[in-house]
Amino acid sequence: MSRKELRVRKIKNGTVIDHISPGYALKVIKILEIDEKSNDIVSIAMNVPSSDGEKKDIVKVEDRELESNEVDKIALIAPNATINIIEDYEVKEKYDVELPRKVKDVIKCSNNNCISNTREPVAYQFEIKQKSPVRLKCIYCKNIMEGDLSDYLL
Amino acid sequence: MKFNDRDIVSINDFSKKEIKEILESAEDVEGEKKDILEGKVLANLFFEPSTRTRLSFETAMKQLGGKVISLSSTQASSISKGESLADTVRVIEGYSDSIVLRHPKEGAAKMASKFTDNPIINAGDGSNEHPTQTLTDLYTIWKEKKEITGLNIGVVGDLKYGRTVHSLLLPLADFDVNIYLISPLQLRIRKESMEQLKGEEKNGFVEEKTSVEEVIEELDVLYVTRIQKERFAESQEYEKVAGSYKIDMDLLKKAKDDIILMHPLPRVDEISPEVDNSSYARYFEQSANGVAIRKALLELILGEE
Ligand SMILES: Nc1ncnc2c1ncn2[C@@H]1O[C@H](COP(=O)(O)OP(=O)(O)O)[C@@H](O)[C@H]1O
Ligand SMILES: [Zn+2]
């Protein structure tokens, strides 16, 4: 881990979100609700070359573990991301983000005329039709969502 | 067969085998008056105006000996100002054995079905689905042609926004028919619907055409739908397009002798009135068939044994 590819300094404890689709780091930051009011220590690397020759973004957040709905949201906009849990400077656990077969209350339906976009007491719910590139289907109106989904994340 | 308390939300909830069984049941109950649903109450809950669907459900229920309570669209909309659909459905559940729901929002029937144990019958949810109409269409084709598989079916009109067409095409493709999609370029079927129609296990072909003339000779069924003015920026453009899709006797001269002409109604001027008395017209029969299909469904979900 001391190789030169480690562009930002090592963190002692926290989470490294790696292999984010290039350009999407700021959207990941938004998902994690990191803004001018938060105190998280965060480093961002964008468009860095990755081992497979492609470009990727990386986000490192100190002293924080991700909630499962945060991981689902990341999977929706960056399906190839990996989550590395760092403890005492070492990668203690590492996994690929993986969308479950259904997601609930992580993204809203893009169809304005969908019953889930009304004041009815129902959660937004989607079936995952395809994981990468992501393709979702609203269980209510059957609307298919794909492409950049970041504007619809809850 | 028995559908005990099953919701009728989407045509896709039914297998091909179940669809066939529904069509056969419809043939059995067509024209019959029975009292098997005596003591049962059907609630018509329409948040949008409807005459055909509402009245045909009413007729169907009454011909089976059941009763109907109805909320008109004005009453329903005054309710919906103060109350959620989820609540309304739970209230109406207390008065009835099943609810027929029409609602302007897509997915409304699916949602409603989560709030009641009584069966919800989707009578149209926005531009999404209208499964009893779809079954009526399938019944009409099956009844007229004895067999659906292998037919050449042309569907003309607004294939992009029209809900009737979309819901009908999928089950038709499952029956391995050949489909001609006939529409102006700007109203062609959406990419994802096309992909579904061309699924691997389907044995018929699907072709897109821009004029009826090109294919009229091949067709066993021509299903006509309306091209709506609202879809066009300029009314001149609309007049031109709509005019070129009008079905008249001149066109039908080139067709097979036993072609049948269908239309979900109401029609505006996409089929010329001179066609009504020809041997091809089936749209009024199609509408009447809606009663048989709805009777079959009501018997399947509410009947005793
Ligand atoms: N202690 C640490 N502090 C900060 N970043 C780390 C640390 N350990 C690993 N990383 C970063 O976490 C990511 C995952 O590392 P690695 O296990 O080598 O993943 P991969 O095989 O997916 O490239 C890399 O971007 C790496 O630079
Ligand atoms: Zn939806």
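Two salt bridges connect chain B and chain A. Keep in mind that this is a predicted model. One of those bridges pairs B:Lys191 with A:Glu146. Their closest N and O atoms sit 3.9 Å apart. That still counts, because the cut-off for a salt bridge is 4 Å.

Now look at the chain B side. Four helices of chain B each supply at least two residues to the side that touches chain A. They are α3 (73–82), α4 (85–93), α5 (108–113) and α8 (191–197). What is that side made of, by class? Ten residues are charged, six are polar and six are nonpolar.

Polar contacts come next. Between chain B and chain A there are eight residue pairs in polar contact, both residues at pLDDT 80 or more.

How many residues does each chain bring to the contact? Chain B gives 22 and chain A gives 18. On size, the usual yardstick is the accessible area lost when the parts come together. Here, the area buried between chain B and chain A is about 1500 Å². Carbon and sulfur atoms give 49% of that. In chain B, three residues lose the most area to chain A: B:Lys105, B:Glu106 and B:Met111. Together they make up 35% of what the chain B side buries.

Next, the metal. Please turn to chain A. Which residues coordinate the zinc ion, ligand 2? Four cysteines do, through their SG atoms: A:Cys109, A:Cys114, A:Cys138 and A:Cys141. The distances run from 2.3 to 2.4 Å. Along the chain, the donors follow the spacing C-x4-C-x23-C-x2-C. The site also brings distant parts of the chain together. A:Cys109 is in the loop between β6 (102–104) and β7 (125–131) of chain A. A:Cys138 is in strand β8 (residues 134–138) of chain A, and the two are 29 residues apart.

What about the geometry? The angles among the four donor atoms of the zinc ion (ligand 2) are 101 to 117°, and the site is tetrahedral. For reference, the ideal tetrahedral angle is 109.5 degrees.

Stay with the loop between β6 and β7 of chain A. A:Asp105 is found there too. A:Asp105 is not a glycine, yet has a positive phi of about 55°.

Two cis peptide bonds deserve a look. In chain A, the bond from A:Ser132 to A:Pro133 is cis, with omega near -5°. A:Pro133 lies in the loop between β7 and β8. In chain B, the bond from B:Leu265 to B:Pro266 is cis, with omega near 5°. B:Pro266 is in the loop between β9 (260–262) and α11 (283–302) of chain B.

Last, back to salt bridges. Over all chains, the whole structure has 29. One of them joins A:Lys27 to A:Asp148, with closest N and O atoms 3.3 Å apart. It links distant parts of chain A, 121 residues apart. A:Lys27 is in helix α1 (residues 25–31), and A:Asp148 is in the segment after β9 (144–146) of chain A.

How values were computed
Residues numbered from 1 in each chain as written. Chains lettered and ligands numbered in written order. Predicted model: local features only at pLDDT ≥ 70, side-chain atom pairs only at ≥ 80, totals over all residues. Heavy atoms only, no water. Contact = heavy atoms within 4.5 Å. Buried area = accessible area lost by both parts, 1.4 Å probe. Salt bridge = Lys/Arg side-chain N within 4 Å of Asp/Glu carboxyl O. Polar contact = N/O pair within 3.5 Å; in protein donor to acceptor, adjacent residues only side chain to side chain. Nonpolar A, V, L, I, M, F, W, Y, C, P; charged D, E, K, R; others polar. Donors = N, O, S within 2.8 Å, 3.2 Å for Na, K, Ca; no water. Tetrahedral: all angles 85-135°; square planar, octahedral: opposite > 155°, others 65-115°.
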